[in-house]
Amino acid sequence: MKKVLIFSFLLLPLLIAISSCKKSSTTPISLGGIKAGNIDLNGATPPTNVPVNPTITATFSTNVDASTATPSNISLTEVYDTASIPLNLSTSGNVVTITPTKNLANGAQYNLAISPGLKSSSGAAIPATNRSFTTTGTFLPAGMVAYWNFDGNANDQTGVYNAAAGGVTDITYVTGRNSASGQAAQFNGTTSLIEIPNGDQLDMTSDFSISFWMKDDTTTTAAYPRPPKKDQFVLGLAGWHGFQFEYNSNIYGTQIGQCKLAVQYSLANGSSGSEDLWLDGNGATKDNGGWQGWTFSKNLVANGGTGVNGLLAQQWANIVCTYNHTTKVGTMYINGQEMKSQDFTLYPTTHPMYNATGLKYAGNPGNNMLAFGFIQDKNNPTIPDTWADYTNPANGHFKGLLDDVAIYHSVLSPAVITLMYNSGKPQ
């Protein structure tokens with residue numbers, strides 16, 4: 001009997017040790033499902049229709065330790081530029097909710113990574129997990145301060161620069177350039193206009209990029225037997241007090257057409273000055289007869305080409321113009337290719353533009369409408385000249401289609417601009 005008691009006392013520590021091990025063991029954790037809204041990210045093929053403002057939920061097999069749901073363990077990366085997207089992270093039981101702090105880019109691919117640093121409430125690590133998806137629409141980099149996609153309305157997709165009440169005149173929304181681009185705004189060339197309040201805020205910036213798709217309509221009809229106009233204004237902010245994009249009538253014929261972004265720049269002394277970033281396709285630079293500071297101009301007439309005519313007339317074109325205040329370089333791209341570049345540091349040091357510090361709105365605060373379809377708005381014009389009178393249908397009203405107008409207070413890179421064109425070009 002004594003031997004049995006001795007054995008029992010010897011066995012007791014072992015039983016306690018075994019029992020302690022069981023209590024400290026971890027419960028395995030695995031990913032059960034992951035969705036962006038109602039879109040499954042667990043499928044064999046990564047989805048391509050995720051909204052730009054997704055709420056992503058990851059559901060695990062057991063409760064998650066909330067202290068481990070951190071940006072170091074859960075990350076979202078923009079594939080095209082490897083930028084890390086800031087996230088809001090929260091947990092509730094076995095569900096982790098992942099929300100980007102700002103809208104993602106349109107038509108861009110993203111990679112969601114969850115590392116083993118994310119643990120269950122009992123301390124078990126999840127196996128490394130990666131999921132990819134692409135946002136809806138054609139590619140447009142994130143970070144825009146205003147964006148109009150014209151999908152049935154003239155609302156700014158950032159929610160800030162919507163059309164004014166009564167500010168949409170004779171606009172029709174029609175099928176766009178491809179299946180992913182949605183609709184486009186159609187302008188009739190005589191009265192169509194979209195007016196956007198507070199356009200001056202879009203113009204007050206050091207760095208600047210504007211991107212849009214346009215398709216000029218050069219046809220003539222019995223109802224619209226249009227003779228070639230002097231110019232057509234695709235968009236304009238208070239005439240020459242802000243910025244405007246225009247092209248001349250030569251793109252309808254055999255002569256070399258011209259297009260330009262006219263811009264009012266801020267100068268170091270607090271005043272402003274204007275300069276045109278314009279393209280005629282002749283290839284002239286500062287070194288072969290062109291204007292001072294022109295460092296590049298695409299020769300579009302070489303080898304029998306048709307110059308700007310061949311880029312803009314009666315076809316979709318992607319226009320991007322940028323200004324970099326650090327380098328003082330302005331650049332125009334058409335269809336993903338650099339077309340024109342000018343460098344203000346190559347101007348004489350006494351020239352006002354040598355010290356351009358960015359863009360500046362130089363108009364009256366009460367005349368700050370950004371107009372799509374003309375050089376200025378119709379109710380508070382800044383240019384009194386007859387050629388800028390909205391009520392005259394023979395003036396430079398835009399006739400054609402306009403889509404995906406985006407404005408940035410940053411400089412889009414050439415690689416991003418090329419990606420924008422390749423993603424959004426007509427199919």
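# Reading salt bridges, strands and empty space

Visitor: What is the relative accessible area of D217, and is this residue buried, partly exposed or exposed?

Guide: D217 has a relative accessible area of 22%, so it counts as partly exposed. The scale calls a residue buried under 20% relative accessible area, exposed over 50% and partly exposed in between, with a 1.4 Å probe and protein chains only. Before we go on, note that this is a predicted model: local features need pLDDT of at least 70, side-chain atom pairs count only at pLDDT 80 or more, and totals for chains, interfaces and linings use all residues. Numbering starts from 1 along each chain as its sequence is written, and side-chain values use heavy atoms, leaving out hydrogens and water.

Visitor: Thanks! With which residue does D217 form a salt bridge?

Guide: A salt bridge here is a side-chain nitrogen of Lys or Arg within 4 Å of a carboxyl oxygen of Asp or Glu. D217 has K399 as its partner, and their closest N and O atoms are 3.7 Å apart. This pair links distant parts of the chain, with K399 in strand β25 and D217 in the loop between β14 and β15, 182 residues apart. Strands (E, at least two residues) and helices (H or I, at least four) are DSSP runs, numbered from the N terminus. K399 counts as buried, because its relative accessibility is 8%.

Visitor: How many salt bridges does the structure hold?

Guide: There are five. One of them joins D403 to R177, where the closest N and O atoms lie 3.0 Å apart. D403 belongs to strand β25 (residues 399–408) and R177 to the loop between β11 (172–175) and β12 (183–188), so this pair ties together parts that are 226 residues apart in sequence. Both D403 and R177 are buried. Another of the five is formed by the side chains of D287 and K286, at 3.0 Å from N to O. In that pair D287 is exposed, at 64% relative accessible area, while K286 is partly exposed, at 37%. If you look for a network, salt bridges that share partners join R177, D403 and D404.

Visitor: Now the strands. In which order do β4, β7 and β8 stand in their sheet?

Guide: Two strands pair if DSSP finds at least two bridges between them. In this case the three strands make an open sheet with the order β4-β7-β8 and antiparallel pairing. The edges are β4 (74–78) and β8 (129–134), each with a single partner strand, so one side of each has no neighbour in the sheet. β7 (residues 109–114) pairs with β8 in the antiparallel sense over six bridges. To find the register in your viewer, look for Q109, which stands opposite T134 in β8.

Visitor: And β21: how many of its six residues are buried?

Guide: Five of the six residues of β21 (residues 329–334) are buried, so the rest of the structure largely encloses this strand. On one pairing, β21 runs antiparallel to β20 over six bridges, with Y323 opposite G330. Their hairpin has four residues between the strands, and K328 takes a positive phi near 60° there. β21 also pairs antiparallel with β22 (residues 337–343), again over six bridges, and I334 has Q337 in β22 as its bridge partner. This second hairpin leaves two residues between β21 and β22, and N335 in the turn has a positive phi of about 55°.

Visitor: How many cavities of 30 Å³ or more does the structure hold?

Guide: Rolling a probe the size of a water molecule over the atoms shows where empty space is left. On a 1 Å grid over the protein atoms alone, a cavity is a set of points where a 1.4 Å probe fits but cannot get out, a pocket is an open set with protein on both sides within 12 Å along at least five of seven lines, and lining residues have an atom within 4 Å of a point. Here two cavities reach 30 Å³ or more. The largest has a volume of about 60 Å³, the volume being the space filled by probe spheres set on grid points joined across faces, edges and corners. Its lining includes R177 and D404, along with W213 and M420. β14 (208–216) and α4 (414–424) are the elements that give two or more residues to this lining. The second largest cavity holds about 50 Å³, and Y323 is one of the residues that line it.

Visitor: Which residues lie nearest the centre of the largest pocket?

Guide: They are D231, F233, E246, I375 and W387, out of 20 lining residues. This pocket contains about 290 Å³ of space, and β17 gives the most to its lining, with four residues.
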